[in-house]
Amino acid sequence: MTAKEYLSQAYRLDQRIDSKIEQVASLNDLATKCTTTISGMPHNPSRSTSPMADTIDKIIDLQAEINRDIDALVDLKREIMTVVKAVDNPEYQTLLEKRYLCFLHWEQIAVDMNYGIDNIFKLHKKALACVVVPEGVQ
């Protein structure tokens, strides 16, 4: 795994968490739209008794999954921070933190660090060359 791939893991995990949070919001909307249909027809005994209960179960499961992902993200960010702090150059550390822990766009990093965008890309390349990916990471 390259340094860039290793450092980018947190961003991808953060995006998956955001996606799951949107799914929970969608399920909450769906749960509030549930209506009951009263019918004199017999029902299939294996069918769920409440569609709303099924939706709530899905919401609870998804929220538990989000919480596990958040725990994993916190652990991963802590690990990435240790790797970034091992880089000797403070400028490189700042750039790597802003990009891979704060998820800032290149333009914002350039403004924050008072560099031109081209110089930020050059600095980034040099910073990645200094990153040592922990052994055993795939």
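In this predicted model, helix α4 (residues 106–113) packs against helix α5 (residues 117–130) at an angle of about 95°. Their axes lie 9 Å apart. Angles of 65 to 115 degrees count as roughly perpendicular, and α4 and α5 therefore stand roughly perpendicular to each other. On the α4 side, the contact is made by W106, E107, I109, A110 and M113. These residues meet I117, I120, F121, L123 and H124 of α5. By class, the contact of α4 with α5 comprises eight nonpolar residues, one polar and one charged.

Helix α4 also packs against α3. The axes of α3 and α4 come within 10 Å and cross at roughly 145°. The crossing of α3 past α4 is right-handed. From α3, the contact draws on E91, T94, L95, K98 and R99. From α4, W106, I109, D112 and M113 take part. The contact of α3 with α4 divides into four nonpolar, one polar and four charged residues.

Some of these residues recur in a pocket. The second largest pocket holds about 230 Å³ of space. Its lining consists of K4, S8, Y11, R99, Y100, F103, L104, H105, W106 and H124. Two elements, α1 (3–32) and α3 (90–100), each give two or more residues to this lining. Helix α1 gives the most, with three residues. Five lining residues of the second largest pocket are nonpolar, three are polar and two are charged. W106 belongs to this lining, to the contact of α4 with α5 and to the contact of α3 with α4. R99 lines the pocket and takes part in the contact of α3 with α4. H124 lines the pocket and meets α4 from α5.

Terms used. Residues are numbered from 1 along each chain as its sequence is written. This is a predicted model: local features need pLDDT of at least 70, side-chain atom pairs count only at pLDDT 80 or more; totals for chains, interfaces and linings use all residues. Side-chain values use heavy atoms; hydrogens and water are left out. On a 1 Å grid over the protein atoms alone, a cavity is a set of points where a 1.4 Å probe fits but cannot get out, and a pocket is an open set with protein on both sides within 12 Å along at least five of seven lines; lining residues have an atom within 4 Å of a point. Grid points are joined across faces, edges and corners, and a volume is the space filled by probe spheres set on the points. Helices (H or I, at least four residues) and strands (E, at least two) are DSSP runs, numbered from the N terminus. Ala, Val, Leu, Ile, Met, Phe, Trp, Tyr, Cys and Pro count as nonpolar, Asp, Glu, Lys and Arg as charged, and the others, Gly among them, as polar. Axes are lines fitted to C-alpha atoms, for helices over the stretch in contact, and angles run from 0 to 180 degrees between N-to-C directions. Angles under 35 degrees count as roughly parallel, over 145 as roughly antiparallel, 65 to 115 as roughly perpendicular and the rest as oblique. Contact means heavy atoms within 4.5 Å. A crossing is left-handed if the near helix is turned anticlockwise from the far one by less than a right angle, and right-handed if clockwise.
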